[in-house]
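Please look over the sequence and the model before reading on. The report takes up a few features in turn.

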Amino acid sequence: MNMTVDTGCDALFNNYGLRQLSIVRGEGAYLYDEEGRRYLDFTSGIAVCNLGHAHPGLSAVIAKQAATLLHTSNLFFVPGQAELASKLAKLADLGEPTKAMFVNSGTEANEAALKLARRYQTVAKHRPEKTRLLSLPNAFHGRTMGALSVTPKVAYHEGFAPLVPNCVTPATLADVISAVDDSVAACIVEVIQGEGGVHPFDKAFLAALADKLRVHEALLIVDEVQTGVGRTGTFFAYEQLGLQPDIITMAKGLGNGMPVGAVIARAGVADAFTPGAHGSTFGGNPLAMAVANYVVDTVSAPAFLDNVQRLGSALERILRNSVKGVSGRGLMWGFDVADAGQFLSRAREAGLLVTQCSSTRVRILPPLTIDNKIVAEFAELLSKVLD
Ligand SMILES: *Cc1c(COP(=O)(O)O)cnc(C)c1O
């Protein structure tokens with residue numbers, strides 16, 4: 001069997017390099033390649049397909065909406081946006097009336113959040129000097145110029161300078177807190193860094209940061225693009241850390257594969273986007289809203305989230321018994337290996353798909369709909385890979 005399928009194509013940009021596998025079909029937690037080989041998918045399309053692949057309820061919603069109305073643009077009111085915004089406002093619980101707007105990806109959600117923070121400070125609050133945007137060491141917030149400017153990974157910056165001015169990533173967490181002063185518009189934070197290695201921050205650090213931001217009237221933006229939509233066992237990961245963000249960004253799991261992102265903010269902040277201040281042609285289109293409403297209804301059910309917590313604990317126990325450097329929450333875990341590239345190939349050969357976040361760190365992100373049987377199957381495959 002030839003495991004290194006050359007899926008290259010001369011007509012494609014090479015920005016993803018050569019892929020090892022070509023997937024043509026999915027069902028639940030399984031993916032199938034062109035030769036019909038089956039893989040247990042512990043990537044979920046990078047925390048996207050939280051309900052698994054080809055989910056029958058979701059497929060029906062898509063088919064129905066596709067036969068009704070795909071897109072109108074924001075020239076017209078989209079009822080699904082109002083419905084979804086109300087649900088997200090209730091789930092976010094930001095301590096005052098809360099609003100949402102819709103975009104198409106995580107980077108776009110963050111881009112909008114950064115623009116909103118600057119506009120709130122400089123226009124709504126009349127503080128023209130308050131424009132600095134802080135981010136954390138090891139953060140990942142996306143690839144557009146704004147999101148990239150708060151993503152400190154040097155390799156991602158190469159060849160793209162100059163980035164957006166007044167974006168600062170201090171070297172250490174203590175330096176981040178020291179850097180908060182009256183010039184800061186906002187600080188953007190992932191409460192568990194996904195690309196950064198699945199490391200949850202500790203409660204005391206986040207509380208100290210939130211306090212200092214409050215003192216200086218700077219906004220707290222929580223990037224829930226990867227951790228949101230039930231991934232960590234609560235609808236949002238920040239709920240477990242006693243935080244109250246001013247702005248939340250979401251994407252990945254919100255559409256289960258249909259591109260959709262959201263920016264949620266308390267009304268006092270959201271209202272800085274007056275008519276015409278920001279927009280998107282596709283953002284919040286009827287198809288994306290039908291899908292996201294279905295996903296949010298399904299995932300926010302208490303029994304669904306309980307199951308994520310229960311299976312998450314089972315998975316954690318398996319990992320702690322077999323590998324080192326285990327960290328994460330819910331169904332989002334990272335662990336150390338000697339060579340992540342080699343681990344991924346061995347896993348693929350065994351029929352298990354996982355992702356890496358560095359040359360020595362592996363990340364698993366199973367669909368949230370898995371059961372005990374799948375957790376047992378994972379344990380068996382993992383022991384084969386480690387053998
Ligand atoms: C994936 C990710 C993004 C970027 O989202 P895209 O949809 O790829 O643009 C931003 N923030 C976090 C935390 C992410 O994991």
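The paragraphs below deal with strands, a ligand and charged pairs, and they concern a predicted model.

## The open sheet

Strands of a sheet pair through backbone hydrogen bonds, and the pairing can be either parallel or antiparallel. In this model, 4 strands form an open sheet in the order β1-β2-β3-β15, and the pairing within that sheet is mixed. The edges are taken by β1 (23–27) and β15 (352–353), and because each of these has a single partner strand, one side of each is left without a neighbour in the sheet.

Strand β2, which covers residues 30–33, runs antiparallel to strand β3, which covers residues 38–41, and 3 bridges join the two. Within this pair, Leu31 stands opposite Tyr39 in β3. A helix also belongs to this part of the picture, since helix α13 (residues 372–386) lies across β2, β3 and β15 and runs at about 105° to β3.

## A hairpin

Strand β16, made of residues 355–358, and strand β17, made of residues 361–364, are another antiparallel pair, and they are held in register by 3 bridges. The connection from β16 to β17 is a hairpin that passes through 2 residues. Ser358 has Arg361, in β17, as its bridge partner.

## Around the ligand

Which residues are found around the ligand? They are Ser105, Gly106, Thr107, Asn110, Phe140, His141, Glu190, Asp223, Val225, Gln226 and Lys252.

For three of these residues the approach to the ligand can be described atom by atom. Phe140 uses its backbone, with an N or O atom lying 3.3 Å from a nitrogen atom of the ligand. Asp223 has a polar side-chain atom 2.7 Å from a nitrogen atom of the ligand, while a polar side-chain atom of Gln226 lies 2.7 Å from an oxygen atom of the ligand. Taken alone, the ligand exposes 380 Å², and the protein buries 81% of that area.

## Salt bridges

Side chains of opposite charge can pair when their charged atoms come close. The structure holds 13 salt bridges, and one of them is formed by Asp297 with Lys87, whose closest N and O atoms are 3.1 Å apart. This pair links distant parts of the chain, for Asp297 belongs to helix α10 (residues 286–299) and Lys87 to helix α3 (residues 79–92), and the two residues are 210 residues apart.

Technical notes. Residues numbered from 1 in each chain as written. Predicted model: local features only at pLDDT ≥ 70, side-chain atom pairs only at ≥ 80, totals over all residues. Heavy atoms only, no water. Pairing = 2+ DSSP bridges. Contact = heavy atoms within 4.5 Å. Axes fitted to C-alpha atoms, helices over the stretch in contact; angles between N-to-C directions. Near = heavy atom within 4 Å. Polar contact = N/O pair within 3.5 Å; in protein donor to acceptor, adjacent residues only side chain to side chain. Areas by Shrake-Rupley, 256 points an atom, 1.4 Å probe, with all protein chains shown as cover. Salt bridge = Lys/Arg side-chain N within 4 Å of Asp/Glu carboxyl O.
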